[in-house]
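I opened the model today to look up a few side-chain and strand features. My notes are below the view.

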Amino acid sequence: MGAAGLVAAAAVGGGAYALTSGNASKAEAAEGSLSVPEDAVFTTEQCEYIEDMKGLITLRTRASLPYGTTLTSCGDNVATCLVPTDTADPLVQVGILHLGSGNMTMALKAAVGAEDGFQILDARAHGSGMIWLESNLLTGIWRVYTTTLDGAAVGDPAMAEERDGAWTLPALAVSDGFAWWQTSPKDTTDKSLSAALRRCGFGASADSAQTIVEAAGGFACAPAPAGAGVASAMKASHSGSIWQLIYAGDESGQITDSLTMPATMKPLDVSYGPNGFGFTFDSIYETGGGISNLGTYTPAQPITLTVAQAREDALASMRAQQEEKSSGATLSESDEARAQAQAEDAVCELYSAAEWFRFPRAPITPPAFTGNWVFVKSTNVVAGVNLDARKYVTIPTESATQGYGEYLATTGTTNRIVTFANVDYTPMNGERIHECTVRIWETA
């Protein structure tokens with residue numbers, strides 16, 4: 001297991017004392033970052049390729065949508081469809097694909113601000129609500145809207161935020177109960193401005209929008225859906241070179257888990273699946289050990305401790321020690337800071353001691369998880385890897401497609417995997433096929 005693994009095991013098996021022993025300051029305790037040895041990472045080269053998917057992955061539903069449609073799916077019930085039109089206004093409409101039936105209902109036929117020159121640019125949906133982005137391309141003003149969903153019924157739109165052209169277009173995400181978005185200033189040298197991860201309930205007013213965390217150094221990528229919360233990758237300072245992966249939960253509205261990346265290593269995507277934090281790199285680093293190569297990374301087994309849990313254990317141990325010395329004693333702010341830092345290090349040790357899987361292709365989309373499977377977009381197919389059995393399959397396209405081939409629409413952890421391909425070809429003995437072919441899959 002190595003020294004790092006022994007320390008991590010002691011922290012979990014030995015209770016809170018292992019987290020709170022020593023007198024390290026927060027600055028000293030927080031220095032730990034992910035460090036994975038090369039022999040702790042395996043790829044598809046160490047997995048068995050299964051040519052026949054029968055018995056492993058089953059096609060449940062199929063849908064035919066207008067050609068040029070793009071989809072995103074963040075849950076079990078619906079996928080969001082950006083459907084192009086034949087006109088310049090609107091450019092796209094938003095449809096909701098119901099994954100059980102394969103039927104699509106139109107949720108937005110035009111932007112709320114269409115009369116003021118706004119166009120729909122992006123959208124995400126969950127079973128109970130939707131978030132979308134509108135922008136006036138001439139003025140640079142953008143608006144984030146949300147609404148509720150109840151089956152095919154769409155609620156009234158509510159504007160969650162409006163910004164001018166000094167701010168980049170926000171990245172959107174949805175969780176089980178909230179709409180999320182990231183805001184970032186275009187002027188990254190202005191230290192009075194910070195990027196922020198924000199959220200609100202579906203259909204709620206702008207007054208209820210919450211800032212979950214501010215990131216002075218900005219965000220590395222879009223937030224990723226993660227069941228009852230989202231994952232993000234932030235840099236805490238303007239001048240720093242260290243990115244931190246964070247998970248913010250629906251229930252608490254706070255960051256409950258985190259993982260510090262090695263210096264200068266910037267993720268292209270972040271994920272938070274059944275096994276914990278994952279990430280993708282589109283670059284090869286000279287340092288970094290087992291995570292220095294490009295690809296999609298995820299732990300092969302669950303990381304069973306979160307920073308929030310470790311912090312509570314640490315604080316409980318500190319309180320017990322204080323009570324032994326003086327009845328009724330309270331913890332100081334420095335005690336709480338030390339518990340937080342030591343909790344972060346303990347969790348980081350677990351990730352550093354874990355076995356990791358890397359999908360060894362340049363990442364195109366964030367991964368999707370269902371059970372012990374991880375799905376990734378690979379060249380012109382979608383690959384599914386069973387991490388426990390170390391077997392993998394590929395989902396190829398059925399016919400001639402655009403250059404990207406079969407595309408992975410799903411991100412986050414779900415029970416259904418959605419893929420799509422825009423097909424435009426004419427069989428020798430048939431009519432022209434000009435459509436977006438959608439397939440919905442379930443694992444055994």
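These entries go through sheets, cores, ring pairs and charges in turn. I kept in mind that this is a predicted model.

**Entry 1: the six-stranded sheet**

I looked up the strand order first. One open sheet has 6 strands, in the order E2-E28-E27-E26-E25-E30, and its pairing is mixed. I noted the edges as strand E2 (48-49) and strand E30 (412-413), each of which pairs on one side only. Inside the sheet I checked strand E26 (residues 373-378) against strand E27 (residues 381-386). They run antiparallel and share 6 bridges. Across that pairing, Phe375 stands opposite Gly384 in E27.

**Entry 2: the four-stranded sheet**

Another open sheet has 4 strands, ordered E17-E18-E19-E20, with antiparallel pairing. Why is one side of strand E17 (224-225) and of strand E20 (255-260) left without a neighbour in the sheet? Both strands stand at the edges with a single partner strand each, so one side of each has no neighbour there. I then looked at E18 and E19, which pair in the antiparallel sense over 6 bridges. Val230 faces Ala248 of E19 across the sheet, standing opposite to it.

**Entry 3: nonpolar cores**

I moved on to the buried nonpolar residues. In soluble globular proteins, nonpolar side chains tend to be buried together. The largest nonpolar core here has 35 residues. Leu34, Leu245, Phe279, Tyr351 and Trp356 have the most contacts inside this core. Which elements give two or more residues to this core? I listed strand E18 (229-234), strand E19 (244-249), strand E21 (269-273), strand E22 (276-281), helix H4 (307-325) and H5. H5 gives the most, with 5 residues.

I followed Leu34 further. Setting aside neighbours within four places in sequence, Leu34 is in contact with residues including Leu259, Met261, Phe279, Ile291, Tyr351 and Trp356. The contacts of Leu34 also include Thr260, Pro262, Cys348 and Ser352. Apart from the largest core lies another core, of 16 residues. Val78, Leu82, Phe118 and Met130 are among them.

**Entry 4: ring pairs**

How many aromatic pairs does the count give? It comes to 14. I took Tyr272 and Phe277 as one example. Their ring centres are 4.7 Å apart and their planes are at 70°, so the pair is edge-to-face. Are Tyr272 and Phe277 buried or exposed? Both are buried.

I checked Tyr407 and Phe420 next. This aromatic pair is tilted, with 5.5 Å centre to centre and 50° between the planes. The pair links distant parts of the chain, 13 residues apart: Tyr407 is in strand E29 (residues 407-408), and Phe420 is in strand E31 (residues 417-425). Tyr407 has 22% relative accessibility, so I logged Tyr407 as partly exposed. Phe420 has 3% relative accessibility, so I logged Phe420 as buried.

I also traced a cluster linked by ring pairs. Its members are Tyr247, Tyr272, Phe277, Phe279, Phe281, Tyr285, Tyr297, Tyr351 and Trp356.

**Entry 5: charges over rings**

I found the charged end of Arg199 over the ring of Phe178, 3.7 Å from the ring centre. Arg390 lies over the face of Phe42, and there the value is 3.8 Å from the ring centre.

**Entry 6: salt bridges**

Side chains of opposite charge can pair when their charged atoms come close. A search of the whole structure gave me 13 salt bridges. I went through three examples.

Arg338 and Asp335 form a salt bridge at 3.6 Å, N to O. Both residues lie in helix H5 (residues 333-353), 3 residues apart, which is about one turn of the helix. Arg338 and Asp335 are both buried.

Glu406 meets Arg439 in a salt bridge at 3.2 Å, N to O. Glu406 lies in the loop between strand E28 (391-395) and E29, and Arg439 lies in strand E32 (residues 433-443), so this pair ties together parts that are 33 residues apart in sequence. Glu406 and Arg439 are buried too. I saw that Glu406 and Arg439 belong to a network of salt bridges with Arg62 and Glu398.

Arg432 forms a salt bridge with Asp424, and their closest N and O atoms are 2.9 Å apart. Asp424 has a relative accessible area of 35%, so I entered Asp424 as partly exposed.

Conventions:
Residues numbered from 1 in each chain as written. Predicted model: local features only at pLDDT ≥ 70, side-chain atom pairs only at ≥ 80, totals over all residues. Heavy atoms only, no water. Phe/Tyr/Trp six-rings, centres within 6.5 Å; stacked < 30°, edge-to-face > 60°. Buried < 20%, exposed > 50% of the residue type's maximum accessible area, 1.4 Å probe, protein only. Lys NZ or Arg CZ within 6 Å of the ring centre and 35° of its normal. Salt bridge = Lys/Arg side-chain N within 4 Å of Asp/Glu carboxyl O. Pairing = 2+ DSSP bridges. Core = buried A, V, L, I, M, F, W, Y, C linked by side-chain atoms within 4.5 Å. Contact = heavy atoms within 4.5 Å.
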